[in-house]
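Let's take a look at what sits around the ligand here, and then at the empty spaces inside the protein.

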Amino acid sequence: MDLESVRDSLIRQEDTIVFSLIERAKFPINSWAYSPPQNGVDAFSASSFLHSFVRESEALHAKAGRYENPEENPFFPDDLPPSMVPTHDYKQVLHPAGSSINVNKTIWDIYLNKLLPLFAAEGDDGNYGLTAACDLACLQAISRRIHYGKFVAEVKFKEAPEEYGPAIRDQDREGLMKMLTFEAVEEMVKKRVEKKAVVFGQEVSLSDDSKGKETYKVDPSVVSRLYEEWVMPLTKQVQVEYLLRRLD
Ligand SMILES: C=C(O[C@@H]1C=C(C(=O)O)C=C[C@H]1O)C(=O)O
């Protein structure tokens, strides 16, 4: 595992994220699936249809061994049943002290309250189960991408332990954030995801007469904003949290 292969995985995960958003955009907002909570209620702990749907899905996925994979992080990690599939010997790449970092509570909140309203049309078509299945796919794809920051951080640390070491010993969050940030890479990521939303989300027509009326299944600028405002900052937050524990 090196920085290039880790970045390749992040690029491939962009496809999953863009497609999952396109699938969710087939349905209107369908807000019944998310209520309660009402204003002021913690969206994560209050029981909504989506909450139960995700919790029960995760129990099934846990039995199927999903969370044995260190790249997967459940939204409801408490009381998950054990895996019932044969044990796979996943390579233990991560440093144990940082391996259980989980920012899914924040991801849940951002997805429901900030992202969904930006790309799901208003309305209710009653397809709550299908909508929740799409939400689950979006949440899982975004969560996997953000928590992949642990692997990014591990690789960066292994490539330059003498650079990261002092900042880790000083528990210097700001210093670590600066060291692991590559602005040029972030600019490329934003442009690429926007382009993917254009390519994957366009109407494909066999005739030429569709030219000039470009509409996309998910607004490409929303995808770029998702990455700029939430996905990349949270990936970096995971990296910082991981590095702070890297010498424990
Ligand atoms: C993931 C990395 O770390 C940082 C976060 C990035 C991201 O989330 O896409 C991109 C560049 C870096 O600022 C990386 O270096 O590839």
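The ligand has 15 residues around it (a heavy atom within 4 Å), and the closest are Arg-7, Arg-145, Lys-156, Phe-182 and Glu-186. This is a predicted model, where local features need pLDDT of at least 70, side-chain atom pairs count only at pLDDT 80 or more, and totals for chains, interfaces and linings use all residues. Residues are numbered from 1 along each chain as its sequence is written, and side-chain values use heavy atoms, with hydrogens and water left out.

Here are some polar contacts (pairs of N or O atoms within 3.5 Å) between side chains and oxygen atoms of the ligand:

| Side chain | Distance to a ligand oxygen atom |
|---|---|
| Arg-7 | 2.6 Å |
| Arg-145 | 2.8 Å |
| Glu-186 | 2.5 Å |

On its own the ligand exposes 350 Å² (Shrake-Rupley method, 1.4 Å probe), and the protein buries 99% of that. H10 (220–244) is one of the helices (DSSP runs of H or I, at least four residues) that supply at least two residues of the shell; H10 gives the largest share, four residues.

Now for the empty space. The whole structure holds two cavities of 30 Å³ or more, a cavity being a set of points on a 1 Å grid over the protein atoms alone where a 1.4 Å probe fits but cannot get out. The largest has about 60 Å³ of space, with Trp-230 and Thr-106 among the residues lining it. H4 gives the most to that lining, five residues. The second largest cavity has a volume of about 50 Å³, and its lining includes Glu-58 and Arg-66.

Key:
Polar contact = N/O pair within 3.5 Å; in protein donor to acceptor, adjacent residues only side chain to side chain. 1 Å grid on protein atoms, 1.4 Å probe; cavity = no way out; pocket = protein on both sides within 12 Å on 5 of 7 lines; lining within 4 Å. Points joined across faces, edges and corners; volume = space filled by probe spheres on them.
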